[in-house]
Number of protein chains: 2
Amino acid sequence: MKVLLIGASGTIGQGIASLLAPRHELVTAGRHSGQHRVDLTRQDSVEALLEAVGPLDAIVSAAGNLHFGPLGEMSAEQFNLGLQDKLLGQVRLALAGQHRLRDGGSITLTSGVLAIEPMRQAANATTVNAALEAFAGAAALELPRGLRLNVVSPTVLTESLPVYGSFFPGAESVSAARVALAYQRSVEGTQTGRVYRVM
Amino acid sequence: MKVLLIGASGTIGQGIASLLAPRHELVTAGRHSGQHRVDLTRQDSVEALLEAVGPLDAIVSAAGNLHFGPLGEMSAEQFNLGLQDKLLGQVRLALAGQHRLRDGGSITLTSGVLAIEPMRQAANATTVNAALEAFAGAAALELPRGLRLNVVSPTVLTESLPVYGSFFPGAESVSAARVALAYQRSVEGTQTGRVYRVM
């Protein structure tokens, strides 16, 4: 399969790339690195990327920023950062990508455990991740030509504990290598509208 | 209690107003009608409203627009309309409103059954409504001073069947009067982080 991976240089992205590169024709893209540059918050950037890479069998996104901070100090503008980046960025990729996939192709996006396990300072993350999971369920019902759309929802990564561990007190972490297996299940499997929780 | 109701002229809003007006000091606001004008998509408009009405015991929103249309023709720009209006508009009201509520006050927002029952042409609605429900669960955990935040999630209204009925084949509708009872439970009750489903 020809697989486009966005966010290939991130912790999850590296795990996905290691797993999928030996098995597929992997094309990588990212905001600052990868074979192609892309900014998911810009429509022209996403369209230019899809035009450059041509027809695909799978699109995988492990990209997107959120706002973390206390609810009592949160502004609507800050909240909108997560909506525009991790949520609408990935939705934009899916909406544009559906027209570039070969029959039976798949889209796999990334949410996160905060969708179902709210924590302090993470109201934006909970909202955005739950929104992505709901989007997958709804969008999958309308996709034609056997196209599929799933979301992988990992808990905190073992590799990210030094940075994000304080947001997840008592959480059991998972390795990026284990999270990557869920993307493989989505790309090579048959399910659609699924949330693959890795926790 | 002093209760601010946004969207008072809508079908749900009228039901809420009928139920709460005899029981509380009700202040109404809306985009085009009500005692005050407000546009939830504009920060200055929301702040001006809250400044004008003064300290409150409850804020109720039954306002917000979504994009409906086939996924295969949906643009990110169209998708963002629902994010900016029904989702971020109500989140903005909650974020600003938390600082204007008296101790023990409540915020009640509106999602909708599409959050958990996806239907054709409704990917934006499913995403936005699920996002609001997740936001309530997360935000409620951080609110101080006994403040509460809930969401009411109604199925299609009997009064709206002529307009929206085609989106909900086989759905059992509910009257606006019955939906209004859920807002009363949220405003006058003790629960927080709840989704009151009326279906």
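**Exercise 1. An acid without a partner**

Work out which side chain of opposite charge is nearest to B:Asp39, and decide whether the pair is a salt bridge or not.

*Solution.* Keep in mind that you're looking at a predicted model.

- Step 1: find the residue. B:Asp39 sits in the loop that links strand 3 (36-37) to helix 2 (43-53) of chain B.
- Step 2: look for the opposite charge. The nearest candidate is B:Arg31, 4.2 Å away.
- Step 3: apply the cut-off. A salt bridge needs the side-chain nitrogen within 4 Å of a carboxyl oxygen, and B:Asp39 has no salt bridge even though it is buried.
- Step 4: check the surroundings. Skipping neighbours within four places in sequence, B:Asp39 is in contact with B:Arg31, B:Ser45 and B:Val46. So B:Arg31 still counts as a contact, because the contact limit is 4.5 Å between heavy atoms.

**Exercise 2. A valine in a strand**

Say whether A:Val60 is buried or exposed, and list what it touches.

*Solution.*

- Step 1: place it. A:Val60 belongs to strand 4 of chain A, residues 56-61.
- Step 2: check its cover. The relative accessible area of A:Val60 is 0%, so this residue is buried.
- Step 3: collect the contacts. Leaving out residues up to four places away in sequence, A:Val60 touches A:Val3, A:Leu4, A:Leu5, A:Ile6, A:Ile16, A:Thr108, A:Tyr183 and A:Val187.
- Step 4: try a distance. A:Glu142 is 82 residues from A:Val60 along the chain, and their C-alpha atoms are separated by 19 Å.

**Exercise 3. An arginine with an unusual backbone angle**

Find the sign of phi at A:Arg145 and at B:Arg145.

*Solution.*

- Step 1: recall the background. Most residues other than glycine have a negative phi.
- Step 2: read the angle. A:Arg145 isn't a glycine, yet its phi is positive, about 55°. B:Arg145 also has a positive phi of about 55°.
- Step 3: locate the residue. In chain A, A:Arg145 is in the loop between helix 4 (123-140) and strand 6 (148-154); B:Arg145 is in the loop between helix 4 (123-140) and strand 6 (148-154) of chain B.
- Step 4: check exposure. A:Arg145 has 39% relative accessibility, so it's partly exposed. For B:Arg145 the value is 38%, which means partly exposed too.

**Exercise 4. How the copies pair up**

Determine what rotation superposes chain A on chain B.

*Solution.*

- Step 1: superpose. A 180° rotation with 0.0 Å of shift along its axis does the job, at an RMSD of 0.0 Å.
- Step 2: name the relation. The two copies are therefore related as by a two-fold rotation axis.
- Step 3: find what lies by the axis. In chain A, the C-alpha nearest the axis is that of A:Ala131, 2.3 Å from it.
- Step 4: compare the surfaces. The copies meet through the same surface, because 100% of chain A's interface residues are interface residues in chain B as well.

**Exercise 5. Sizing up chain A**

Does the radius of gyration of chain A agree or disagree with that of a compact globule?

*Solution.*

- Step 1: count the elements. Chain A has 6 helices and 7 strands, in the order β-α-β-β-α-β-α-β-α-β-α-α-β.
- Step 2: compare radii. A compact globule of 199 residues would come out near 16 Å; chain A has 16 Å, so it agrees.
- Step 3: add the dimensions. The C-alpha trace spans about 45 × 35 × 30 Å along its principal axes.
- Step 4: look inside. Of the 199 residues, 60% are buried. Of the contacts between residues at least 6 apart in sequence, 67% join residues at least 24 apart.

Technical notes:
Residues are numbered from 1 along each chain as its sequence is written. Chains are lettered from A and ligands numbered from 1 in the order in which they are written. This is a predicted model: local features need pLDDT of at least 70, side-chain atom pairs count only at pLDDT 80 or more; totals for chains, interfaces and linings use all residues. Side-chain values use heavy atoms; hydrogens and water are left out. Helices (H or I, at least four residues) and strands (E, at least two) are DSSP runs, numbered from the N terminus. Buried means under 20% relative accessible area, exposed over 50%, partly exposed in between (1.4 Å probe, protein chains only). Lys and Arg count as positive and Asp and Glu as negative; His and the chain ends are not counted. Copies are superposed by least squares on the C-alpha atoms of residues with pLDDT of at least 70 in both. The radius of gyration is taken over C-alpha atoms; the globule rule is 2.2 Å times the number of residues to the power 0.38.
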